[in-house]
Amino acid sequence: MQTVRTGMALSCKCNCCSLPNNLPSSRTSIPLHFPLTSTSNSKLTLNSEHQHRRKNHKEQFRLTLEKRKHLSEELKPQWRESRPSDSALLLHYANNGLFSEAQTLCDKIINSSLFLPAWSNDSSTIDLDLISSLIHCYAQMGRFHDILPILDYITSRHCTENQISHNIFSLAVSCFGGTGQLELMEETLKKMTSKGLKIDSTTGNSYVKYYSHYGSILEMEYAYHRLKKSRISIDKETIRTMASAYIHERKYFKLGEFVKDVGLSRLNVGNLLWNLLLLTYAVDFKMKTLQREFLNMLDNGFRPDLDTFNIRALAFSKMCMFWDLHLSLDHMKHEGVDPDLVTYGCFVEAYLERRLGRNLSFALEKMDTGQVPMVRTDPLVFEAFGKGDFHASSEVRLESARHRKWSYAELIRVYLKRRYRSHQVFWNY
């Protein structure tokens, strides 16, 4: 396995503390979403800034504990111990940068082996919320290498419970992968397989997605082939993540080979694979191949959607292929697909590129320009083509005047007026 460089980390939400879908939910579960912070924060001391933070969060934290206590009394009358407080305190300390208190509480929990829910008399049951809070705190403090020994200690006590061990290791994979610690994620997966634990679909797809975010193209492809050899089906979100990585690196040929390898006949992902294949040809303006693959898409029983039409329209617009652009519009009307802001932008920019602004009304009379502007095109299309001038300027105008009811006709009128003024020459005497 190649050494993974994790120097560049894309900004994304860390899901290291959110339980995977297959984990049993606990009555004390807390959504653990936290922003990535620098490990240099661990060097902060308990100064006046920390005291100010405590004052600001004291009331909110008290209400949180009261709510948790009220729910616990309703659900489990015998649940009166301090386990919920330990989990809540860990989250409170970690989220507010109080790493000294968090470290003290972590040591207390580990040394006293408080891993069981208060109401549980079964030694095979583990409080996954408390373990999740521990992983969260160590990740916030940047002490990733201290997480695996804790997991080994917990799983060694419950070596006969494969489901518990599987849930704990899956939680660690999500933690390491979501923070870009790919080497530790690999080590965790090796420990899972060495213990005879099967990697499920959720963990396997997450493994590929983390390499798509933080790894290179070769490492991502290697992770995908490992997933394929394990006979785990790649899901829709993982396909989108890998496609985004290919588009970011401008590897459109590899993107085409990837979607063909996944299988263009898959029905559970809709038109996503076909649209990505068309995008690889449209962005390179391979118009004959684009048309041939579009016909193959129809022959295989797939009906084109808005993304399919806009991918072709963007290529026709940039090539100023007016006849094909109008035929595509007629096909949209026949399929009952309504155009969006991207579709209108294709016509506006194509006509202005050829200085045919006065003839633009001929194309717009076939479209309902009185509708409210909307953008429903897949963001992957914008990653490949970018946003046109009409699209970008219209979005700025819509954001700046949210309370005003715009229409496509008004946006086009304002845009044409701005373009006309930009071409005027003013002489200063």
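F390 is buried in this predicted model, with a relative accessibility of 0%, a value that falls under the 20% cut-off for burial. Y415 likewise counts as buried, at 0% relative accessibility.

The rings of F390 and Y415 face each other as a pair: their centres are 5.3 Å apart and their planes meet at 80°, so the arrangement is edge-to-face. F390 belongs to helix α19 (residues 389-400) and Y415 to helix α20 (residues 408-422), and the pair thereby links distant parts of the chain, 25 residues apart.

The count of aromatic pairs in the model comes to seven. One of them joins W274 and F302 in a tilted arrangement, with 6.1 Å from centre to centre and 55° between the planes. W274 lies in helix α12 (residues 272-282), whereas F302 lies in the loop between α13 (287-299) and α14 (306-318), so this pair ties together parts that are 28 residues apart in sequence. W274 and F302 are both buried.

The two pairs described above are set out below.

| Pair | Centre distance | Plane angle | Arrangement |
|---|---|---|---|
| F390 and Y415 | 5.3 Å | 80° | edge-to-face |
| W274 and F302 | 6.1 Å | 55° | tilted |

Aromatic residues also occur in a cluster, which is formed by Y224, Y246 and F258.

Charged side chains are placed over aromatic rings as well. R312 lies over the face of F294, at 3.9 Å from the ring centre. K387 has its charged end over the ring of F382, 5.8 Å from the centre of that ring.

Note on methods
Residues numbered from 1 in each chain as written. Predicted model: local features only at pLDDT ≥ 70, side-chain atom pairs only at ≥ 80, totals over all residues. Heavy atoms only, no water. Phe/Tyr/Trp six-rings, centres within 6.5 Å; stacked < 30°, edge-to-face > 60°. Helix = DSSP H or I, 4+ residues; strand = E, 2+ residues; numbered from the N terminus. Buried < 20%, exposed > 50% of the residue type's maximum accessible area, 1.4 Å probe, protein only. Lys NZ or Arg CZ within 6 Å of the ring centre and 35° of its normal.
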